[in-house]
Amino acid sequence: MTTKKKWILVLVGLVTVLIIGITGGSFYLYHFAFEPTPKVLTSTSKTSHTTLLKNKAWLKKVNKQTWHETSATDHLKLVADFVPATKKTTRTIVIAHGYMGNKEQMASYIRLWHRQGYNVLAPDDRGNGQSQGNYYGFGWPDRLDYVKWTKQIVRRLGSDSQIGLFGVSMGGATVMMMSGEKLPSQVKAIIEDCGYTSVTDELAYELKQLYHLPKFPLIYTASWVADWKAHFNFLEASSVNQLKKNKLPIFFIHGADDTFVPTKMVYENYRATTVKDKKLWVVPGAKHGEALNKQPDQYEEKVAVFMASHMK
């Protein structure tokens, strides 16, 4: 065998190993990030956990209805809790939960808005809770599902409905991604708490934090796997791009010490929307999803005042 042939065989072998490695890595990244598997990525404070348990018990007992919807794509059956206000009202808050979450995980926020006199609709996203699906949508396909939920509110509760959108973490990204869609005129305002700039940015950040790997090529090759298995291209999933089309008043909240969705992302999201009626609150000392726990009274007051000013 000539030297040239030997080098060709070595090169082919290296390329083969590289292709196998990237393919395996891409499927692993999809499995880890998109499939509903047990994992621990963030931790909550003891106080926050205790408060949540108390509010979950409240949610279990409170008067509520079970609503159903069909996903905008993939024909999945989705489930939501509808908690009517104690006193009849036309005002409803739609709550979007976080990554690996469900409507019960949002009990503290459901109770907050119920306490403020609103109806509350809290869905389980695709692949979460009681809803069907074998993947997490990271807010992107979910944004279209939530548009359908808002339309159902109008059908059920009347055309004089006033709707506010509220989300935390992935839910924050979900409502930001909704902002670029054609929404019912009844949707009046948005509050997002610690949402990311894009799915690509968040996955690339976690890839570096957890595995010390660069964005290229795994993020792009994993997107092919996600497109094949979950039927959406997460490279398109951008809060920033959607916010550029936003026309609604919006309030951005983020923890100053957030290391899961880095705090710098909120500034990029804030800059992306050109609406004049926008607010930003970076909560000192708060980690990911801990703003409410860190400043409970101030948090409730700020979100209540903002939403009430747009839902007369």
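Student: In this predicted model, with which residues is Thr 150 in contact, leaving aside its neighbours within four places in sequence?

Tutor: The model is a prediction, and contact here means heavy atoms within 4.5 Å. Thr 150 itself is placed in helix 4, residues 140-157. Setting aside neighbours within four places in sequence, the residues in contact with Thr 150 are Val 94, Ile 163, Leu 165, Met 178, Pro 184 and Val 187.

Student: Does Thr 150 count as buried or exposed?

Tutor: The class of buried residues is set at under 20% relative accessible area. Thr 150 has a relative accessibility of 0%, and therefore counts as buried.

Student: How many Å apart in space are Thr 150 and Gln 186, C-alpha to C-alpha?

Tutor: Thr 150 belongs to helix 4. Along the sequence, 36 residues separate Thr 150 from Gln 186, while the C-alpha to C-alpha distance in space is 8.4 Å.

Student: What fraction of residues 7-30 is helix?

Tutor: UniProt, in an unreviewed entry, assigns the feature "transmembrane region" to residues 7-30. The C-alpha atoms at the two ends of this span lie 34 Å apart. Strand accounts for 0% of residues 7-30, and helix for 100%.

Student: Which residues form a nonpolar patch on the surface with Tyr 28?

Tutor: Tyr 28 lies in helix 1, residues 3-34. Its relative accessibility is 42%, so Tyr 28 counts as partly exposed. The patch has about 350 Å² of accessible area together, and Tyr 28 shares it with Leu 210, Tyr 211 and Leu 213.

Student: How is the pair of rings of Tyr 28 and Phe 32 classed?

Tutor: A search of the whole structure yields 21 aromatic pairs. For Tyr 28 and Phe 32, the ring centres are 6.1 Å apart and the planes lie at 20°. Planes under 30 degrees apart meet the criterion, so the pair of Tyr 28 and Phe 32 is stacked.

Student: About how many helical turns separate Tyr 28 and Phe 32?

Tutor: Phe 32 counts as buried because its relative accessibility is 18%, whereas Tyr 28 is partly exposed at 42%. The two residues are 4 apart in helix 1, so their separation is about one helical turn.

Student: How many residues apart in sequence are the parts tied together by the pair of Tyr 99 and Tyr 136?

Tutor: The pair of Tyr 99 and Tyr 136 is edge-to-face, at 5.1 Å centre to centre with 70° between the planes. Tyr 99 lies in the loop between strand 3 and helix 3, and Tyr 136 in the loop between strand 4 and helix 4. The pair therefore ties together parts whose separation in sequence is 37 residues.

Notes:
Residues numbered from 1 in each chain as written. Predicted model: local features only at pLDDT ≥ 70, side-chain atom pairs only at ≥ 80, totals over all residues. Heavy atoms only, no water. Patch = residues over 30% accessible without salt bridge, like charges linked within 9 Å, V, L, I, M, F, W, Y side chains within 5 Å. Areas by Shrake-Rupley, 256 points an atom, 1.4 Å probe, with all protein chains shown as cover. Salt bridge = Lys/Arg side-chain N within 4 Å of Asp/Glu carboxyl O. Buried < 20%, exposed > 50% of the residue type's maximum accessible area, 1.4 Å probe, protein only. UniProt positions renumbered as here; feature names shortened; annotations may be inferred. Phe/Tyr/Trp six-rings, centres within 6.5 Å; stacked < 30°, edge-to-face > 60°.
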